[in-house]
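Let's take a walk through this model, one strand and one helix at a time. Have the viewer open and follow along.

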Amino acid sequence: MAAPRGNDAHTIRSERRHTRRSVLAGLAAFGALGAAGCTRVASASGENGGDLLERLRAQGVVRLGIAGEVPFGYIDRDGRLTGEAPELARAIFGRLGVKRVQPVPTEFGSLIPGLNAQQFDVVAAGMYVTPDRCEQVIFADPDYQMPDAFIVRKGNPLGLRTYADALRRHAKIATGTGYAQIQHAVEAGFKENDLVIVPDQVAGLNAVESGRVDLFAATAVTARMVARGSAKAESTKPFVALVGGKPKADGGAFAFRPTETRLRDAFNAELHKLRRSGELYRIVRPFGFTKAEMTTLTAKELCRR
């Protein structure tokens, strides 16, 4: 997932279909919660690494900023907060003595501003660690790393497996608002104004199924999850995009306000325990993650790229 961009070339309205009822029900609940999730949290002192962890333990609840994206963090059809990041948050914050998690839904581009405006305590949305973001927030170490994949029509008639393939075949590409795949496509030689920017992965799938685009570029796990119920589309094998001529491994992590280093460090300690025990993979596997997407990348090295 990537930083939002202000000048999207095109926007396609999602066609809500029967086969995506669970996603749509979750998004409806997401919107309802968004209206109720605007209360500001109390500000931290910022001294000695902040005191937010102590206050969260006293309150018994941590507020999670989510962006309603399957499978990273969303509200399901039953109105329950779930996804890779929220379930991991439940496990880690439970170990830290904070028993409940509460969602604060917002748009992806509002996650960092909302965090720093104290609208919630932590970003739990599978956010990629990038140098630009590292200037605004502090990250835990990544809990996953992710290659790209495409959603294409059944049988992949154009043989689209990489951005180079897509460029060579003059394929029409769609990707999501704020997705890292915008940069990946541009690095491969596409003009940003020629990309079709859609609001979410459901709209991307619809665009492929209807023939309006040749492919939808996303993270490998998103492509797998969204295409698996489609009779007209499929996901391609994962591949690593080239940025600056080099393979680029993106890692997603939880984000914290820069003053809250004590909370970030305590979170990291529990994350590393879960990774060593194998429990981390058991938590994220139901959301389509594979062992190949587990990682030992650190926030420090990703912030330097």
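Look along β1 and sort its side chains by direction: Val 61, Arg 63 and Gly 65 go one way, while Val 62, Leu 64 and Ile 66 go the other, and every one of these residues is buried. Keep in mind that this is a predicted model. The back-and-forth fits a general pattern, because side chains in a regular strand alternate between the two faces of the sheet. Strand β1 covers residues 61-66, and with 6 of its 6 residues buried it is mostly covered. Buried here stands for under 20% relative accessible area, and Arg 63 falls in that class too.

So what does β1 pair with? One partner is strand β4 (residues 100-105), joined to β1 in the parallel sense over 6 bridges. Another is strand β5 (residues 122-128), where the pairing is again parallel, over 2 bridges. Leu 64 is a handy spot to see both: it sits opposite Pro 103 in β4, and its bridge partner in β5 is Val 122.

Now hop over to helix α8, residues 201-209. Why can we call α8 largely enclosed by the rest of the structure? Because 9 of its 9 residues are buried. The buried set includes apolar residues such as Val 202, Leu 205 and Val 208, but also Gln 201, Asn 206 and Glu 209.

The two ends of α8 are worth a zoom. At its start, Asp 200 has a side-chain oxygen within 3.1 Å of the backbone nitrogen of Val 202. After the helix comes Gly 211, with a positive phi near 85°.

Definitions and conventions
Residues numbered from 1 in each chain as written. Predicted model: local features only at pLDDT ≥ 70, side-chain atom pairs only at ≥ 80, totals over all residues. Heavy atoms only, no water. Buried < 20%, exposed > 50% of the residue type's maximum accessible area, 1.4 Å probe, protein only. Helix = DSSP H or I, 4+ residues; strand = E, 2+ residues; numbered from the N terminus. Polar contact = N/O pair within 3.5 Å; in protein donor to acceptor, adjacent residues only side chain to side chain. Pairing = 2+ DSSP bridges.
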